[in-house]
Amino acid sequence: MTHDIHPLTDGVGLRPVTLGDAESFAEALTRSRAYMRRWEPVRPDAFYTVAGQVQRLTGLLADRDAGRAMSWALADERDRVVGAMTLASIERGPFRNARLGYWIDVDRAGRGLATAAVTRVCELARDGLGLHRIAAGTVLDNIASQRVLAKCGFELYGTAPRYLHIDGAWQDHRMFQRILHDGPPQG
């Protein structure tokens, strides 16, 4: 997979995360904390600090190096983080699957950025990682995220009761998938 910046929209590009993004992630996540609360796990205050983001990014980079995940920052023209995309739980072999998670900065939400980024990540997952399928889940009332997934070719395939602990409670999720190709597994 290339580590180039992939232009998206509104002067924002998609690029792999680096440890040097910790401060920018801390700022963006703090700015968007109240906005994203309904769709995120309850996190300790330390998560929103530079040190907390160094710890989180260190784990993400270790997962990338082990082939278990791939994480991208959405960065503006000043290289400030304004969102993120992660393919987690990457599985090889006959499954060729990953779980997609993403968020967009409160100041950039509703402008098509998530749709552009999810579309590009699906292309990178298919062409760069050789994945067959991507799964994603949203809490039942996250209509905006469900619209993004539908626009990007994801199909609703069910509801998972009490799927994730979000905003302080076990939340039901709508489950989506996108089949990226039907060729045989490569590599």
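## Sheet, cores and rings

In β8, methionine 175 is the bridge partner of glycine 158. That contact belongs to a predicted model, and it's a handy way into the sheet. β7 and β8 (residues 169-179) run antiparallel to each other, and their pairing covers eight bridges.

Zoom out and you get an open sheet of eight strands with mixed pairing, in the order β1-β2-β3-β4-β5-β6-β8-β7. Which strands stand at the edges? Those are β1 (6-9) and β7 (155-166); each has a single partner strand, so one side of each is left without a neighbour in the sheet. From one strand to the next, the twist averages 30°.

Helix α3 (residues 113-127) packs on this sheet, and the list of strands it touches is β1, β2 (12-16), β3 (70-75), β4 (81-91), β5 (97-104), β6 (133-139) and β8. The direction of α3 makes about 150° with that of β1.

Now for the nonpolar cores. The largest has 32 residues, and the ones with the most contacts inside it are Leu74, Met85, Leu87, Leu100, Val118 and Phe154. At least two residues of this core come from each of β2, β3, β4, β5, α3, β6 and α4 (143-151). Which element gives the most? Helix α3 does, with eight residues. Another core lies apart from that one: it has 15 residues, including Val17, Ala22, Leu57 and Leu60.

On to the rings. The count of aromatic pairs comes to three, and two of them are described here. Tyrosine 35 and tryptophan 39 make an edge-to-face pair, 5.5 Å centre to centre with 80° between the planes. Is tyrosine 35 buried or exposed? Neither quite fits: its relative accessibility is 33%, so tyrosine 35 counts as partly exposed.

Phenylalanine 47 and tyrosine 48 form the other pair: the ring centres are 5.1 Å apart and the planes sit at 80°, which is why this one is edge-to-face. Both phenylalanine 47 and tyrosine 48 are buried.

Phenylalanine 47 turns up again with a charge over its face, and phenylalanine 25 has one too. Here are those two arrangements:

| Arginine | Ring below it | Distance to ring centre |
|---|---|---|
| Arginine 43 | Phenylalanine 47 | 4.4 Å |
| Arginine 56 | Phenylalanine 25 | 4.8 Å |

So phenylalanine 47 is edge-to-face with tyrosine 48 and also has arginine 43 lying over its face.

How values were computed: Residues numbered from 1 in each chain as written. Predicted model: local features only at pLDDT ≥ 70, side-chain atom pairs only at ≥ 80, totals over all residues. Heavy atoms only, no water. Pairing = 2+ DSSP bridges. Helix = DSSP H or I, 4+ residues; strand = E, 2+ residues; numbered from the N terminus. Axes fitted to C-alpha atoms, helices over the stretch in contact; angles between N-to-C directions. Contact = heavy atoms within 4.5 Å. Core = buried A, V, L, I, M, F, W, Y, C linked by side-chain atoms within 4.5 Å. Buried < 20%, exposed > 50% of the residue type's maximum accessible area, 1.4 Å probe, protein only. Phe/Tyr/Trp six-rings, centres within 6.5 Å; stacked < 30°, edge-to-face > 60°. Lys NZ or Arg CZ within 6 Å of the ring centre and 35° of its normal.
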